[in-house]
Amino acid sequence: MWRGLYTAAAGMIQETQRTDVISNNLANVNTNGFKRDVAISEEFEPMLIRRINDKDMRNDVTSFKGFSVGGQPPIVGTLGLGSEIAEVATDRSQGTFETTGNPYDVAIAGNGYLEVQTPQGVRYTRDGALFRSATGQLQNVRGQAILGTNGQPIMIPANATEVVIGETGQILVRVPGQDTQQQVGQLAFVDFADRRALLKQGDNLYFPQQGAQPQPATGTIEQGVLERSNSNVVEEMVQLINNYRIYEAGSKAVTTQDGMLDKSVNDVGRLG
């Protein structure tokens, strides 16, 4: 009974953690470039069960005329001991595109990330909602500088009348008095050989694990559009309801186990 109590409790803890993951996905359904998370379960090592009190061959039901299936008590089967959340993996599938018409908005089609300068160092994002600050610096909505291939913030001239961002991140502008466009920078558009090398930091930013090195991205940059979150409200709500029912079943199992323990202590123990 004790084992059943702990197994049910482990299941409830697991579903609580899964609820946190689903809730975070729901909270970010409108976050540009957000990638939903998936909680992956792993079963604890099951316990091998053998019958007890079978050491006396006369009482061994598997023995016949001195023959036995083995020197050890017969195996009954295995007993599951519950499971846990082994990993919270990120679903990096492409989100849908939304046209904004803003020349500073960009969306990444395929694989790739933009580099962002933060107080903690260089971080990476797929959020392409950008704007030109009062000082001419290209920034994200949190006021963090978007970096170029030279590792420096990209500056947009104040008198720029046209801004064109190419598929590989080159930024061309047109200013009064010039008939041709001039390149003022190029977005640092990178990817990683192992996508699991990037971990979520928060604020729609990723940080690389130690030793992970960026490389040129294989995707393309689309101007005037934004990539929406790949979380689907309906799917997440269905999973949340299903998760609640599993948690409720675990709660009832704990209540049942507690009642059986109460009976064994107060009733069976009294008969002895």
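Select L114 first: discounting residues up to four places away in sequence, its contacts (heavy atoms within 4.5 Å) are V106, I108, R123, Y124, T125, D127, L130, L187, A188, F189 and I221. The model is predicted, so local features need pLDDT of at least 70 and side-chain atom pairs count only at pLDDT 80 or more, while totals for chains, interfaces and linings use all residues. Residues are numbered from 1 along each chain as its sequence is written, and side-chain values use heavy atoms, with hydrogens and water left out.

**The nonpolar cores**

Extend the selection from L114 to the largest nonpolar core, which has 19 residues. A nonpolar core is a set of buried Ala, Val, Leu, Ile, Met, Phe, Trp, Tyr and Cys residues joined through side-chain atoms within 4.5 Å; buried means under 20% relative accessible area, exposed over 50%, and partly exposed in between, with a 1.4 Å probe and protein chains only. L114, L138, I171 and L187 have the most contacts inside this core. Two or more of its residues come from each of β6 (106-109), β7 (113-118), β11 (162-165) and β12 (170-174). Apart from it lies another core, of 8 residues, including Y113, Y124, V190 and A212.

**The whole chain**

Zoom out and colour by secondary structure. The protein chain has 2 helices and 19 strands; helices (H or I, at least four residues) and strands (E, at least two) are DSSP runs, numbered from the N terminus. Of the 272 residues, 35% are buried. Among contacts with a separation of 6 or more, 64% join residues 24 or more positions apart.

**K35 and N230**

Next, select K35, in the loop between α1 (2-27) and β1 (37-43). Is K35 buried or exposed? K35 counts as buried because its relative accessible area is 2%. Its side chain makes a polar contact with the side chain of E227, at 2.6 Å. A polar contact is a pair of N or O atoms within 3.5 Å; within protein, one must be able to donate a hydrogen and the other to accept it, and residues adjacent in sequence count only if both atoms are side-chain atoms. Leaving aside residues up to four places away in sequence, K35 touches T90, D91, R92, S93, Q94, G95, R126, K200, Y206, E227 and N230.

From that list, move to N230, in the loop between β19 (225-227) and α2 (233-271). N230 is buried, because its relative accessibility is 13%. Which backbone atom does the side chain of N230 reach at 2.9 Å? It is the backbone oxygen of D91. A polar atom of the N230 side chain also lies 2.8 Å from the backbone nitrogen of R36. With residues up to four places away in sequence not counted, N230 touches F34, K35, R36, D91, R92, S93, Q94 and G95.

**The pockets**

Now display the surface. A pocket is defined on a 1 Å grid over the protein atoms alone, as an open set of points where a 1.4 Å probe fits, with protein on both sides within 12 Å along at least five of seven lines; lining residues have an atom within 4 Å of a point. Grid points are joined across faces, edges and corners, and a volume is the space filled by probe spheres set on the points.

The largest pocket has a volume of about 190 Å³. To show its lining, select D37, E87, V88, A89, T90, R92, R196, L198, L199, K200 and Y206. Elements contributing two or more residues are β4 (83-90) and β15 (198-202), and β4 gives the largest share, 4 residues.

The second largest pocket holds about 160 Å³ of space. Its lining has 13 residues, with F34, K200, G202, D203 and N204 lying nearest its centre. Here the elements that give two or more residues are β15 and β16 (205-208); the largest share, 3 residues, comes from β15.

**The loops around β16**

Keep D203 and N204 selected. D203 lies in the loop between β15 and β16, as does N204. Phi is near 60 degrees in D203 and near 65 degrees in N204. Most residues other than glycine have a negative phi. N204 is buried, because its relative accessible area is 12%.

End at Q210, in the loop between β16 and β17 (215-216). Q210 counts as exposed because its relative accessibility is 85%. The C-alpha atoms of Q210 and L198 are 9.8 Å apart, with the two residues 12 residues apart along the chain.
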